[in-house]
Amino acid sequence: MHFPIYYPVTVAKSNIAGLGAYAQTAIPARKKIGSLGGTLTTIRKGRAAAKTKKTIHLVEFDDNKALDAGTNGNDMRFINHSCAPNTYMRILGYHVEFYALRNIKKGEELTCHYGETHHEGTLKCRCGAPNCEGFI
Ligand SMILES: [Zn+2]
């Protein structure tokens with residue numbers, strides 16, 4: 001599988017959690033930023049692998065398959081969750097694509113609302129947004 005990144009990011013310490021992805025250039029609203037890299041696995045195997053990692057980088061699909069972004073992943077996996085994000089995720093087949101929700105400035109940290117793909121609402125959110133939902 002091929003996982004292109006159209007707008008390269010710099011990986012550096014995040015304002016939210018762990019490492020984050022920062023835009024190297026301005027990104028216009030609605031542009032495709034890139035596709036989350038990883039290895040296609042099953043949900044069961046993916047969850048077992050995620051347990052051994054500090055952060056969860058698993059996107060689960062409907063048919064028991066999952067993308068393990070911790071194995072052969074790319075920089076898109078450093079996009080942190082925020083309740084007031086500047087990107088959004090679209091799932092097309094087994095591809096997880098990130099798009100700009102609005103115009104993003106050079107140097108801004110990229111964030112995405114993980115929705116139902118992560119953590120089942122048990123991980124405390126530290127995004128700092130005024131409308132923070134409290135849990136991921
Ligand atoms: Zn939040």
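Okay, let's start with one cysteine: C83 is buried, with a relative accessible area of 6%. Keep in mind that we're looking at a predicted model.

So what does C83 do here? It helps coordinate a zinc ion, together with C125, C127 and C132, each through its SG atom. The distances come out at 2.3 to 2.4 Å. C127 is buried as well, with a relative accessible area of 15%; the cut-off for buried is under 20%.

Now, why do we call this arrangement tetrahedral? Because the 4 donor atoms around the zinc ion subtend angles of 104 to 112°, and the rule asks for all angles between 85 and 135 degrees. For reference, the ideal angle for four tetrahedral donors is 109.5 degrees.

How are the donors spaced along the chain? The pattern reads C-x41-C-x1-C-x4-C. Take C83 and C127: they sit 44 residues apart and link distant parts of the chain. C83 is in the loop between β7 (80–81) and β8 (87–92), whereas C127 is in the segment after β10 (111–112).

Okay, on to some strands. Strand β6, residues 65–68, pairs with β4, residues 39–42, in the antiparallel sense over 4 bridges. If you want a spot to look at, find T39, which stands opposite D68 in β6.

Strand β6 is also joined to β5, residues 58–60, by 3 bridges, and these two run antiparallel too. Over there, V59 stands opposite L67. β5 and β6 make a hairpin with 4 residues between the strands, and N64 takes a positive phi near 80° in that hairpin.

That's my tour, thanks!

Methods
Residues numbered from 1 in each chain as written. Predicted model: local features only at pLDDT ≥ 70, side-chain atom pairs only at ≥ 80, totals over all residues. Heavy atoms only, no water. Donors = N, O, S within 2.8 Å, 3.2 Å for Na, K, Ca; no water. Tetrahedral: all angles 85-135°; square planar, octahedral: opposite > 155°, others 65-115°. Buried < 20%, exposed > 50% of the residue type's maximum accessible area, 1.4 Å probe, protein only. Pairing = 2+ DSSP bridges.
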